[in-house]
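Thanks for coming, everyone. Please bring the model up on your screens. I will walk through it piece by piece.

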Amino acid sequence: MESVIDQAFAAALYSEGDAGLDTGASLLAAAPQADAELARRGEEFVRRAWRRGWLPADVVRIVRRDLGEHAAGLAAGLIASEVRGYDGLPPRWAAQLAELPAAPPAGRPDRFSYASALLALHRLLLNLPAIEPVGPPPGAAREAPHRPPAPGEPRMLTRIRALLAKAEATGYPEEAEALTAKAQELMARHSVDEALLAARTPGDRTPAACRIGVDAPYEMAKAILLDAVASANRCRAVWNGDLGFSTVIGFEADLEAVELLHTSLLVQGTAAMTRAEAGQRAGGRKRTKTFRQSFLMAYAQRLGTRLESVTTRTEAAADAPALLPALAARDLAVTRAADELFPHTTTTRVRGATDLAGWTHGTEAADAARMGTEPRRIPR
């Protein structure tokens, strides 16, 4: 005999619209004895997501985007329950699990609403497409080959985080940009140390990959900014606009640098955009979407050029004969890994930078950095 859960799933998970959800929720609301089996089925859907290449942060991100914060909490609860069954988890999972949103309070408004939300979540999980894997699924983790740390690695990353935190906190644009420039210099130096160490101690070292959320609004501008940060740190970024993330391919130390700097630059760019927009409104102009879009486009484009310049100068100052061959070998490895992971990519024409004032202010916000011996400039 077909179980009540099978009946509810047949009505809700394999149909579109709210009518099927209402039918399934009504069935489950009248069957509290099915709750345990319902949770087990939800964990099965989570395991299916792992096999399709999804990571915990990816699942929560798309659930939040499509179903809202309450559903993201439900997904976090399923994920937390499911991963308890593994002896070991792949790298990066610990940090993602630690950042899961809190599950909804135990007290439910009513069984029908709870069942409806859970069925909508299950339907989304069931229909997640297969995506490119960026690491092994849980249960298949392997210990990473041992490598000695690059000189000063823990201290270097701590200094980078501290510089970016100061850049985000300061109210002075020129100071924020100077701190960001210094952070990029340290990142480039860190990458140089890694490359030289790898050249001296060859072994099983291959590029890795991670996914970074690129959320609306202005997602194209944010993806361009991430691509610029990735390129400046010898990584490749591939944007999936439909699913709201970019996959970044590079060596592990460089990936961490990209994640840190991209997050910080988004915070700084948003703050600079808000200040510029306030000045526009004070002059009588109403807030517009095109101003913000153009601002962020210009900000991303100009910052990419300046970050690349910092990296080039840092590498030139290293004065190590083995550096250029080592960097070339790493660049080739990253390109090969990206081509293997994404054999079929397409280019997208950039649109939306149509507001001259927004573009001008965005360029000035990026140009406020004091790079090397260049004088400071303060955006008007």
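Is Gln96 buried or exposed? Gln96 is buried, because its relative accessible area is 16% and the cut-off for buried is under 20%. Keep in mind that this is a predicted model. Gln96 lies in helix 6. What does Gln96 touch, leaving aside its neighbours within four places in sequence? Gln96 is in contact with Leu55, Pro56 and Ala57.

Stay with helix 6 for the aromatic rings. How many aromatic pairs are there? The count comes to five. Take Trp50 and Trp93. Their ring centres are 4.8 Å apart. Their planes stand at 75°, so this pair is edge-to-face; the cut-off for that label is over 60 degrees. Where do the two residues sit? Trp50 is in helix 3, residues 35-51. Trp93 is in helix 6, residues 93-98. The two are 43 residues apart, and the pair links distant parts of the chain. Both ends of this pair can be checked for burial. Trp50 has a relative accessible area of 4%, so Trp50 is buried. Trp93 comes out at 2%, so Trp93 is buried as well.

Next, a second ring pair. Phe291 and Phe295 have ring centres 6.3 Å apart. Their planes are at 35°. Why is this pair called tilted? Stacked needs planes under 30 degrees apart, and edge-to-face needs over 60. An angle of 35° fits neither, so the pair is tilted. Both residues lie in helix 12, residues 289-317. They are four residues apart, which is about one turn of the helix. Phe291 is buried, at 1% relative accessibility. Phe295 is also buried, at 1%. Tyr299 joins in here: Phe291, Phe295 and Tyr299 form one aromatic cluster.

Rings also have charges over them. Which residue lies over the face of Phe245? Arg211 does, at 5.4 Å from the ring centre. Then look at Phe251. Arg330 lies over the face of Phe251, at 4.0 Å from the ring centre.

Now helix packing. Two packed helices are described by the angle between their axes and the distance between the axes. Start with helix 4, residues 56-67, and helix 7, residues 111-126. Their axes are 11 Å apart, and the angle is about 125°. What does that angle make them? Roughly perpendicular runs from 65 to 115 degrees, and roughly antiparallel needs over 145. An angle of about 125° is in neither range, so helix 4 and helix 7 are oblique to each other. The crossing of helix 4 past helix 7 is right-handed. Which residues make the contact? From helix 4, they are Val59, Ile62, Val63, Asp66 and Leu67. From helix 7, they are Ala120, Leu121, Leu124 and Leu125.

The second helix pair takes us back to helix 3. Helix 3 packs with helix 5, residues 69-83. The angle is about 80°, and the axes are 9 Å apart. Helix 3 and helix 5 are therefore roughly perpendicular to each other. On the helix 3 side, the contact has Ala39, Gly42, Glu43, Val46, Arg47 and Trp50. On the helix 5 side, it has Leu78, Ile79, Ser81, Glu82 and Val83. You have met Trp50 already: Trp50 also pairs with Trp93.

On to the backbone. Where is there a cis peptide bond? One joins Ala216 and Pro217, with omega about 0°. Pro217 is in the loop between strand 1, residues 208-213, and helix 10, residues 219-232. Tyr218 lies in that loop, between strand 1 and helix 10. Phi of Tyr218 is near 60°, a positive value in a residue other than glycine. Tyr218 is buried, with a relative accessible area of 13%. Arg234 likewise has phi near 60°, a positive value in a residue other than glycine. Arg234 is in the loop between helix 10 and strand 2, residues 236-240.

One last stop: Asp339. Asp339 is in helix 13, residues 323-341. Its relative accessible area is 40%, so Asp339 is partly exposed. How far apart are the C-alpha atoms of Asp339 and Arg236? They are separated by 9.9 Å, with the two positions 103 residues apart along the chain.

Terms used
Residues numbered from 1 in each chain as written. Predicted model: local features only at pLDDT ≥ 70, side-chain atom pairs only at ≥ 80, totals over all residues. Heavy atoms only, no water. Phe/Tyr/Trp six-rings, centres within 6.5 Å; stacked < 30°, edge-to-face > 60°. Buried < 20%, exposed > 50% of the residue type's maximum accessible area, 1.4 Å probe, protein only. Lys NZ or Arg CZ within 6 Å of the ring centre and 35° of its normal. Axes fitted to C-alpha atoms, helices over the stretch in contact; angles between N-to-C directions. Parallel < 35°, antiparallel > 145°, perpendicular 65-115°, else oblique. Left-handed = near helix turned anticlockwise from the far one by under 90°. Contact = heavy atoms within 4.5 Å.
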